[in-house]
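Work through the exercises below with the sequence and the coordinates open beside you. Try each task before reading its solution.

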Amino acid sequence: MKHYLTIALLLCLACLQGCGQKANQSEAPAQSQGQNDELIYHYPLGDTEVVLLSDGQKTDNPSVLVNAPEEIVREFVPTGEAGSAFNIFLLKLAGKKILVDSGMGYNLVENLAKEGISPEQIDIILLTHMHGDHIGGLMKDGVRVFPNAELYISEKEVAYWTDKELQASLPEGQQRGFAGAQAVVEAYKDKLHLFEPQSIEQMTELIPGVKSIASYGHTPGHTCYMVENGGQRFFIWGDLINFPTVQVPHPEIATRHDIDPTQAAVSRAHVLNWLERQGITVAGMHVPYPGMGQLTMTQRGLELELLK
Ligand SMILES: [Zn+2]
């Protein structure tokens, strides 16, 4: 009896969380309870590994999709919700410990501790973009969490989020994201590296073992990363694809989280078209556990097959 009551209570809580979640550009999170064991995953890459450090699993509702045709939603999201997550990736390359994004900050320090790494030991942080669910782990109580880390962000991304005039012209709800990004830029100002990523055809090395790729639209400076080691490659698409079950086969469909939906769709189609021919493992910040998979051509089009 007690058991059933607990389940009923959890279901109620889940419903309250889900129903209360409003989609907006900063992707207000609703961390699902009960699935937090799916937090870490090790993927071998040459003589090193890529480690998924997750801030938790969640589900996404197709209502975040913009103008998605009804029949596509029915085909790819038959249950009315799709798996999602908040992911961070840890790379160990050329003697450096590198984070790609920092998630919400829910589990990052604890997950790193499980890997035997303290915040002081993180050498480099690469950001895909500066939405709150990607920079949330960089700060705690107004202070930076990673005192020794060099922080890499595309120049365009920082220019957007530090544009005070633009910030003042937006509704209050959207201004908060600017304040959060500005706090990060200020806290890490002596460690900040701004760069200009190139197209996927002309990507160049940003740090040893990692190339940066311009993939603007989701945010004005959104950047993907190609990790290379021992002749093997691993692609991190960040939020270029936010709702994989629909946007991999249909990159033309944007989500409400895209600041420039038209440009985001162009970038998504371009990068996916290039990746499709490579046969490499791809990963994303909102790809359900283990946060990575293989692009596979099916009768329904290109789809992401998650790694087991
Ligand atoms: Zn995101």
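The exercises that follow treat burial and cores, backbone outliers and one sheet.

The model is a predicted one, in which local features need pLDDT of at least 70 and side-chain atom pairs count only at pLDDT 80 or more, while totals for chains, interfaces and linings use all residues. Residues are numbered from 1 along each chain as its sequence is written.

**Exercise 1.** Describe the nonpolar cores and the contacts of Ile125.

Step one is to fix the terms: a residue is buried if 20 or more other C-beta atoms, placed from the backbone, lie within 10 Å of its own, exposed if 12 or fewer, and partly exposed in between. A nonpolar core is then a set of buried Ala, Val, Leu, Ile, Met, Phe, Trp, Tyr and Cys residues joined through C-beta atoms within 7 Å. By the burial criterion, 43% of the 308 residues in the chain are buried.

Step two is to find the largest core, which has 66 residues, and in which Phe89, Val100, Ile125, Leu126, Val227 and Ile236 touch the most other members. Strand β3 (residues 82-93) supplies the largest share of this core, seven residues; strands (E, at least two residues) and helices (H or I, at least four) are DSSP runs numbered from the N terminus. A second core, separate from it, has 10 residues, including Val64, Phe76, Val246 and Ile253.

Step three takes contact to mean C-beta atoms, placed from the backbone, within 7 Å. Leaving out residues up to four places away in sequence, Ile125 touches Leu99, Ser102, Phe146, Ala149, Leu151 and Tyr152.

**Exercise 2.** Are Asn67 and Asp101 buried or exposed?

Begin with the backbone: neither residue is a glycine, yet phi is positive, at about 50° for Asn67 and about 65° for Asp101. Next, place Asn67 in the loop between β2 (48-60) and α2 (70-76), and Asp101 in the loop between β4 (96-100) and α3 (108-114). Finally, apply the cut-offs: Asn67 is exposed because 8 other C-beta atoms lie within 10 Å, whereas Asp101 is buried because it has 29 C-beta neighbours inside 10 Å.

**Exercise 3.** In what order do the strands of the open sheet run, and which are its edge strands?

The order of the seven strands is β10-β11-β12-β13-β14-β15-β16, with mixed pairing, where pairing requires at least two DSSP bridges between two strands. The edges are β10 (204-207) and β16 (301-306), each pairing on one side only. At the β10 edge, the partner is β11 (residues 210-214), joined in the antiparallel sense over three bridges, and Glu205 has Lys211 of β11 as its bridge partner.

Notes. Contact = placed C-beta atoms within 7 Å.
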